[in-house]
Amino acid sequence: MKQAEISGYNIETKGKIGSSGPFGWTATATIEGAQVTADVSVLVWSDIVKSSMGHGIVATYWQMLITSWIYIYSGALRRLMWLRKGPIIAALYPIAILSVQFFVAITVASVVGSVLSTYVYPRAGWVTFIPIVIYILRWFHARDSKIYAYYLMHDFAHTAQNWGAYPPKMEERFEAFRAQIAQALTENYDEVLIVGHSSGAHIAVSIVADLLRANQGPKRGHVLGLLTLGHVVPMVSFLPKATRLRGDLAMLSTRADITWVDVTAPGDGCSFALCDPVAVSGVAPQKARWPLVFSAAFTQSLSPERWQELKRKYFRLHFQYLCAFDRPKDYDYFQITAGPKTLSARYRDRPASRSRLDVAASGYTDV
């Protein structure tokens, strides 16, 4: 593994073949002078997004209109822009691309129709207009795997569809995830670490909150950690009906029986970098102790050559938290998830980033 070679440790992974549980793998490592085995399970919820969103061209354009209306009408868009413009640009990206594609289709159909009406048949433009528009939009749709406009539009639409409230199918999946984590907390692990990346960050927050409310959190001798990476929490928590999520954020921020570390980076234009997800959502209690917010510092933990290679690959950078750094500082995903130290022990003396944003910015703070 690349990070192991750079940082001077050994790590091997092996898939869980024949396992009846969730997809995952086992990592065996020698890190910081200790031999460690980590069982990794991937808790999948993307299938719910895929099944709940219409993926046709017309359905996607309708989602674009509805999602835009929700963020504008609720005032969330304006307040989100106060925090970081990068994630808003990322959110507007699929809207802009889809709008351009529609404009191109309309323009080409109009020009072709005009030519046909002039030189072939007077009403040819009316006859060919819609078929040409459909053909061009289908052509763009077939090539979306390279630009992700439809993919991102479905993701944002799913987030906003209930004005911030989790849909029932997501709540059902949360129950299944909670049961799996609760079972892990009864087994002989030094630490159960929950990792949520991007949209998975706020989902991880709600699942851990459910676990603690049900009194299924860590007992004597067990350790529970929460690591959120590249979060986009405000995209949900700033919406009017996100009372459940805001309550989860407030509750977790005061718990003494977990460790919550939140890592972002200003170089990641798709996340709300260094925005304390509890504070900016306007629900931080006076005695809030979590999360510990600090930066992965892409411009320092990547060599100048590697940074130049990646800095304009915006979506790739959003996943850098899960990848190797060629000049790692104190953030190393593989040491955190497969090393001998718990999240608490690793960052016990780590101060929060001084440039973090902890000012309430949401227009909705009810829980």
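Let me begin at one particular spot: threonine 243, once residues up to four places away in sequence are set aside, touches Asp366 and Val367. I should say straight away that what we are looking at is a predicted model, and everything I describe this morning is to be taken in that light. Threonine 243 and aspartate 366 are separated by 123 residues in sequence, and yet their C-alpha atoms lie 6.0 Å apart in space. Threonine 243 belongs to helix H11, and with a relative accessibility of 27% it counts as partly exposed.

That brings me to helix H11 itself, which covers residues 243-252 and is largely enclosed by the rest of the structure, because eight of its ten residues are buried. The buried ones are Leu245, Arg246, Gly247, Asp248, Leu249, Ala250, Met251 and Leu252, and you will notice that an arginine and an aspartate appear in that list. As for what surrounds them, the buried residues of H11 pack against H9, against strands E5 and E6, the latter being residues 259-264, and against helices H10 (234-237) and H12.

Let me now step back to the chain as a whole. It contains 17 helices and seven strands, and its C-alpha trace spans about 80 × 45 × 45 Å along the principal axes. For 367 residues, a compact globule would be expected to have a radius of gyration near 21 Å, and the 23 Å found for this chain agrees with that. Of those 367 residues, 48% are buried, and if we take the contacts with a separation of 6 or more, 74% of them are between residues 24 or more positions apart. The accessible surface comes to about 18,600 Å², with 58% of it belonging to carbon and sulfur atoms. On the charges, there are 37 positive and 27 negative ones, and their mean positions are 7 Å apart.

Next, alanine 361, which sits in the segment after helix H17, that helix being residues 343-346. With a relative accessible area of 7%, alanine 361 is buried, and apart from its neighbours within four places in sequence it is in contact with Arg79, Trp82, Leu83, Phe238 and Val280. By way of a longer span, the C-alpha atoms of alanine 361 and lysine 16, which are 345 residues apart along the chain, are separated by 44 Å.

A second long span involves valine 58, in helix H3, residues 57-73. Valine 58 counts as exposed, at 70% relative accessibility, and its C-alpha is 35 Å from that of tyrosine 321, a residue 263 positions away in sequence.

I would like to turn to the backbone, where a few places deserve a careful look. The peptide bond from tryptophan 290 to proline 291 is cis, with omega near 0 degrees, and proline 291 is found in the loop between helix H12 (277-280) and strand E7 (292-295). Beyond E7, in the loop that leads to helix H13 (298-301), we find alanine 297, whose phi is near 50 degrees, a positive value in a residue other than glycine. Asparagine 215, also not a glycine, has a positive phi of about 60 degrees, and it lies in the loop between helix H9 (199-213) and strand E5 (224-229). Are these two residues buried or exposed? Asparagine 215 counts as exposed, at 56% relative accessibility, whereas alanine 297 is buried, with a relative accessible area of 12%.

Finally, the cysteines. How many disulfides are there? The count comes to zero. Cysteine 270 is in no disulfide, and the nearest cysteine sulfur to its own, that of cysteine 323, is 14 Å away. Why is there no bond for cysteine 275? The closest cysteine sulfur to that of cysteine 275 is in cysteine 270, and at 14 Å it is too far for a bond. In terms of burial, cysteine 270 has a relative accessible area of 10% and is buried, and cysteine 275, at 0% relative accessibility, counts as buried as well.

To return to where I began, threonine 243 and its contacts with Asp366 and Val367 belong to a helix, H11, that is largely enclosed by the rest of the structure, and I would be glad to look at that region together on the screen.

Note on methods:
Residues are numbered from 1 along each chain as its sequence is written. This is a predicted model: local features need pLDDT of at least 70, side-chain atom pairs count only at pLDDT 80 or more; totals for chains, interfaces and linings use all residues. Side-chain values use heavy atoms; hydrogens and water are left out. Helices (H or I, at least four residues) and strands (E, at least two) are DSSP runs, numbered from the N terminus. The radius of gyration is taken over C-alpha atoms; the globule rule is 2.2 Å times the number of residues to the power 0.38. Buried means under 20% relative accessible area, exposed over 50%, partly exposed in between (1.4 Å probe, protein chains only). Contact means heavy atoms within 4.5 Å. Accessible areas come from the Shrake-Rupley method with a 1.4 Å probe; for residues, only the protein chains shown count as cover. Lys and Arg count as positive and Asp and Glu as negative; His and the chain ends are not counted. The place of a charge is taken as NZ of Lys, CZ of Arg, CG of Asp or CD of Glu. A disulfide is a pair of cysteine sulfur atoms within 2.5 Å.
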